[in-house]
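Reader: Could you walk me through the charged side chains in this one? I would like to go slowly.

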Amino acid sequence: MAYSFENELIRCMPNLQRYACKLTRDANAAEDLLQDCMARALSRQHRFEPGTNMQAWLTTMLKNLHFNNLQRDRHVTKVELWDGAMSVDAAQMSRLVFRDVDRAFSSLTPSQRKVVKLVAIEGRPYQEAAETLNVSIGTIRSRLCRARERLNTLMAA
């Protein structure tokens, strides 16, 4: 039987589907990712060398597509609208979110605000934050945990 790129591609699809599901953890997103991978493979068929491992070639392509999508999605603001919802410009939405975060942050105790500022905002290690505030690392962890819980509660409301 003669080599057929399309037949080999079809043979690899079940494994690619499983891998796409593993990467995305969402059946619909996995289908979209697999479809993008198949389209890319067909458009780059001339680059594939018959006799080499097509499964590995496609798996690398699928993985790269997934990571490219993740990278792109980090820079895109997504807002889901439902029937009767008002459309809000992305800049307005950012201001509203910033306002809510600022209010939530202001509602923290002064000691919690200091810990969040040092560890979560400035990215300082717990040890350095503990030395700066002259408290133990356990106290830093405790205050940070309570502050995060409080912020999550306020932002969810």
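Reader: Is Lys-117 buried or exposed, or somewhere in between?
Author: Lys-117 counts as partly exposed, because its relative accessibility is 44%, where buried means under 20% relative accessible area, exposed over 50%, and partly exposed in between (1.4 Å probe, protein chains only). This is a predicted model, in which local features need pLDDT of at least 70 and side-chain atom pairs count only at pLDDT 80 or more, while totals for chains, interfaces and linings use all residues. Residues are numbered from 1 along each chain as its sequence is written, and side-chain values use heavy atoms, with hydrogens and water left out.

Reader: And what does Lys-117 meet in a salt bridge?
Author: Its partner is Glu-122, at 2.9 Å from N to O, a salt bridge being a side-chain nitrogen of Lys or Arg within 4 Å of a carboxyl oxygen of Asp or Glu. Glu-122 is partly exposed, because its relative accessibility is 35%.

Reader: Which residue does Arg-124 pair with in a salt bridge?
Author: Arg-124 forms a salt bridge with Glu-122, with the closest N and O atoms 3.0 Å apart, and another with Glu-128, where that distance is 3.4 Å. Through shared partners, Lys-117, Glu-122, Arg-124 and Glu-128 are joined into one network.

Reader: Changing topic, how many salt bridges are there by this rule?
Author: The count comes to 5 salt bridges.
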